[in-house]
Amino acid sequence: MPSSQGNDGWASKFILVMRQIRLEFQRERTDKSIKPMKIPYPISSVLSQKTDALWCVAPDTTVFNAIGLMATHNIGALPVQSADGRLVGIFTERDYTRKVALQGKSSKETRVGEILTANLMTVTPEDTVEDCMRLMTENRVRHLPVVAGTKLTGIVSIGDLVNWIISTQNAAIEQMEQYIAGGVAG
Ligand SMILES: NC(=O)c1ccc[n+]([C@@H]2O[C@H](COP(=O)([O-])OP(=O)(O)OC[C@H]3O[C@@H](n4cnc5c(N)ncnc54)[C@H](O)[C@@H]3O)[C@@H](O)[C@H]2O)c1
């Protein structure tokens, strides 16, 4: 029968290996020559950790009211829906700074429909976290509306994805460390 001293030595070695893996994850984030990790989880798993609230505006909403809504809910983007529920674009903080503030337009006189981003990128609940990260990086967008069929079901931000990836990696590493150290009954 192995001695408890032997088990401790084995566990310590594995904990060291797990720390090394954690360091590798950190190196992967900074070393551009390393290919990104595969993240095969669907975006629905990110949405399920958020509240169901989804803030949208109509094209005839004034920019002033839209940025007020963003400030109230501490968000940086609003999907724009027509009266029949069709997604016609997205209005973001970037649209405001570049197309209203910098152009010297009045936010009380400009309607969201005049300056929204109509060339819209959307994802489905089945698209993976990795797909969404790639879309955001390649197209330099920070928000992706999630559409199931024709229905707008949510929105994910770059912050959601970064938080989700960090918490998923940490949870997996901690669970393995606990398992190796004998903290998980099995
Ligand atoms: N330093 C970094 O690496 C880093 C990375 C990402 C974000 N940030 C910063 O963190 C802050 C938050 O950014 P963010 O990417 O989470 O964007 P955000 O502020 O727009 O989103 C905050 C939260 O609100 C949600 N949300 C956004 N629009 C919504 C809407 N219309 N209806 C319902 N929910 C909505 C998002 O899904 C997210 O959960 C920003 O200041 C950003 O610049 C920093």
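## A strand to start with

Is β1 mostly covered or mostly exposed, and how many of its residues are buried? In this predicted model, β1 is mostly covered, with four of its five residues buried.

β1 has a partner, too. β1 and β2 pair in the antiparallel sense, and five bridges link them. One facing pair to look for is Pro79 and Ile90, where Ile90 belongs to β2. Five residues sit between the two strands of this hairpin, and Gly85 there takes a positive phi near 85 degrees.

## The overall layout

Now step back to the whole protein chain. You'll find seven helices and four strands, and from the N terminus they come in the order α-α-α-β-β-α-α-α-β-β-α.

The chain has 186 residues, and 15% of them count as buried. As for the contacts with a separation of 6 or more, 60% join residues 24 or more positions apart.

## The nonpolar core

The largest nonpolar core has 22 residues, and the ones touching the most other members are Ile43, Val80, Phe91, Val112, Cys132 and Val156. Plenty of elements chip in at least two residues each: α2 (43–47), α3 (63–73), β1, β2 (87–92), α5 (112–115), α6 (129–139), β3 (143–148) and β4. Our opening strand, β1, supplies the largest share of this core, three residues.

Cys132 is a good spot to zoom in on. Leaving aside residues up to four places away in sequence, Cys132 touches Ile43, Val123, Asp127, Leu144, Val156 and Leu161. Two of these, Ile43 and Val156, are also on the list of core residues that touch the most other members.

## Around the ligand

There are 16 residues around the ligand, and those that come nearest are Trp55, Ile75, Gly76, Ser157 and Gly159. By class, this shell is made of ten nonpolar, three polar and three charged residues.

Which elements each supply at least two residues of the shell? They are β1 (77–81), β4 (151–157) and α7 (158–180). The most comes from α7, which gives four residues. So β1 turns up here as well as in the nonpolar core.

## How far to trust it

The mean pLDDT of the protein chain is 85, and 77% of the residues reach 70 or more. Residues 1–5 are another story: their pLDDT is below 50, and beyond near neighbours in sequence this stretch has one contact in the model. Where pLDDT is low, the predicted coordinates shouldn't be read in detail.

Methods
Residues are numbered from 1 along each chain as its sequence is written. This is a predicted model: local features need pLDDT of at least 70, side-chain atom pairs count only at pLDDT 80 or more; totals for chains, interfaces and linings use all residues. A residue is buried if 20 or more other C-beta atoms lie within 10 Å of its own, exposed if 12 or fewer, and partly exposed in between; C-beta atoms are placed from the backbone. Two residues are in contact if their C-beta atoms, placed from the backbone, lie within 7 Å. A residue is near a molecule or strand if its C-beta atom, placed from the backbone, lies within 6 Å of it. Ala, Val, Leu, Ile, Met, Phe, Trp, Tyr, Cys and Pro count as nonpolar, Asp, Glu, Lys and Arg as charged, and the others, Gly among them, as polar. A nonpolar core is a set of buried Ala, Val, Leu, Ile, Met, Phe, Trp, Tyr and Cys residues joined through C-beta atoms within 7 Å. pLDDT is the predictor's confidence in each residue, from 0 to 100. Two strands pair if DSSP finds at least two bridges between them.
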